[in-house]
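Student: Please take one part of this model and go through it closely with me. I would like to start at a single residue and work outward from there.

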Amino acid sequence: MRKHNNKNHCSNCGAPVTTEICPYCKCTTGIDTMYADMEYPVIECKEANINFWNVVFPMIFAVAFGFFFILPPFGIISISAFIMGFVPLYRYLLIDLKGKEIEAVVYGYLDDKILFNNMPGQIVKLLVDTNDGKKFILYQLADTTQPYQVNSKIKLKVYKNLFHIVKDKNIYF
């Protein structure tokens with residue numbers, strides 16, 4: 001088979017492409033996700049990640065400012081920090097208890113507006129099958145790495161519009 005060097009053609013089958021994965025042979029095309037066509041609608045995604053920065057760190061502020069709760073500004077800060085730390089934990093537990101596991105295909109990555117050590121966080125573009133057909137999810141990873149290969153399959157747990165990537169048992173966060 002003849003290989004095409006043009007970015008508008010699949011390097012595997014030669015078909016014209018405008019997305020990260022060839023719709024004909026399912027190989028990666030090398031097209032940057034930022035410039036790829038959105039061939040399916042996007043689902044609003046609320047991530048349910050638990051890590052130090054979105055649960056523990058706000059709770060430290062909630063406890064620290066809670067000691068001065070009777071003073072109005074400290075009470076407001078304490079309550080706000082508690083809510084900020086509790087919401088991701090609540091979402092995670094809700095998905096864990098009521099969610100169902102589905103499979104998604106990794107289509108690519110986008111740079112997030114949030115910076116970690118002056119590096120942009122990553123948003124992974126996932127394709128899922130829904131009752132209404134195929135749709136994309138733009139899932140914020142809260143990390144600067146791209147841990148999943150394009151065109152690989154990963155497991156998600158979903159409840160309504162809440163999503164959580166199911167990690168292997170050997171991987172610790």
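**Starting from one loop residue**

Tutor: Look past the close neighbours in sequence, those up to four places away, and Asn161 touches Glu44, Cys45 and Lys46. Keep in mind that this is a predicted model. Asn161 sits in the loop between β6 and β7. How far apart along the chain are Asn161 and Lys46? They are separated by 115 residues, yet their C-alpha atoms are 6.2 Å apart. Is Asn161 buried, exposed or partly exposed? It is partly exposed, because its relative accessibility is 26%, and the class in between runs from 20% to 50%.

Now step inward. Which residues of the largest nonpolar core touch the most other members? They are Leu126, Ile137, Tyr139, Leu156 and Phe163, out of 18 residues in that core. Five strands each give at least two residues to it: β3, β4, β5 (133-140), β6 (153-159) and β7 (162-165). The largest share comes from β3, with four residues. Here is a general point to set beside this. In soluble globular proteins, nonpolar side chains tend to be buried together.

Take Tyr139 from that core. Again leave out the neighbours within four places in sequence. Its contacts then include Cys45, Glu47, Ala48 and Asn49. Tyr139 also contacts Gln122, Ile123, Val124 and Leu126. Phe163, His164 and Ile165 complete the list. Note Cys45: it is in contact with Tyr139, and Asn161 touches it too. Leu126 and Phe163 deserve a second look as well. Both are contacts of Tyr139, and both are named among the core residues that touch the most other members.

There is another core, apart from this one, with six residues. Among them are Ala15, Val17, Cys22 and Ile31.

Cys22 brings us to the cysteines. How many disulfides does the model have? The count is zero. The cysteine sulfur nearest to that of Cys22 belongs to Cys13, 3.6 Å away. A disulfide needs two cysteine sulfur atoms within 2.5 Å, so Cys22 is in none. Cys22 is buried, because its relative accessibility is 0%. Cys27 is in no disulfide either: the nearest cysteine sulfur, that of Cys25, is 3.7 Å away. Unlike Cys22 at 0%, Cys27 is partly exposed, with a relative accessible area of 26%.

Back to β3, which also helps to line a pocket. The second largest pocket has a volume of about 310 Å³. Which lining residues are closest to its centre? Of the 15 that line it, they are Lys26, Val105, Tyr107, Leu127 and Lys134. Two elements give two or more residues to the lining: β3 (100-116) and β4 (119-130). The largest share, four residues, comes from β3. By kind, the lining has eight nonpolar residues, one polar and six charged. So keep β3 in view: it gives the largest share of this lining and the largest share of the largest nonpolar core, each by the strand limits that DSSP runs set.

Follow β3 toward its end. Leu115 lies in that strand. Leu115 is exposed, because its relative accessibility is 53%. From Leu115 to Phe52 is 63 residues in sequence, and 16 Å in space, C-alpha to C-alpha.

Next comes the loop between β3 and β4, where Asn117 is found. Asn118 lies in that loop as well. What is the sign of phi at these residues? Asn117 has a positive phi of about 50°, although it is not a glycine. Asn118 is likewise not a glycine, and its phi is positive, near 65°. Asn117 is exposed, since its relative accessibility is 78%. Asn118 is exposed too, at 70%.

Last, turn to a helix. Met84 lies in helix α2, residues 72-98. Beyond its neighbours within four places in sequence, Met84 is in contact with Asn54 and Pro58. Met84 and Asn54 are 30 residues apart in sequence but 7.3 Å apart in space, C-alpha to C-alpha. Met84 counts as exposed because its relative accessible area is 54%.

How values were computed
Residues are numbered from 1 along each chain as its sequence is written. This is a predicted model: local features need pLDDT of at least 70, side-chain atom pairs count only at pLDDT 80 or more; totals for chains, interfaces and linings use all residues. Side-chain values use heavy atoms; hydrogens and water are left out. On a 1 Å grid over the protein atoms alone, a cavity is a set of points where a 1.4 Å probe fits but cannot get out, and a pocket is an open set with protein on both sides within 12 Å along at least five of seven lines; lining residues have an atom within 4 Å of a point. Grid points are joined across faces, edges and corners, and a volume is the space filled by probe spheres set on the points. Ala, Val, Leu, Ile, Met, Phe, Trp, Tyr, Cys and Pro count as nonpolar, Asp, Glu, Lys and Arg as charged, and the others, Gly among them, as polar. Buried means under 20% relative accessible area, exposed over 50%, partly exposed in between (1.4 Å probe, protein chains only). A nonpolar core is a set of buried Ala, Val, Leu, Ile, Met, Phe, Trp, Tyr and Cys residues joined through side-chain atoms within 4.5 Å. Contact means heavy atoms within 4.5 Å.
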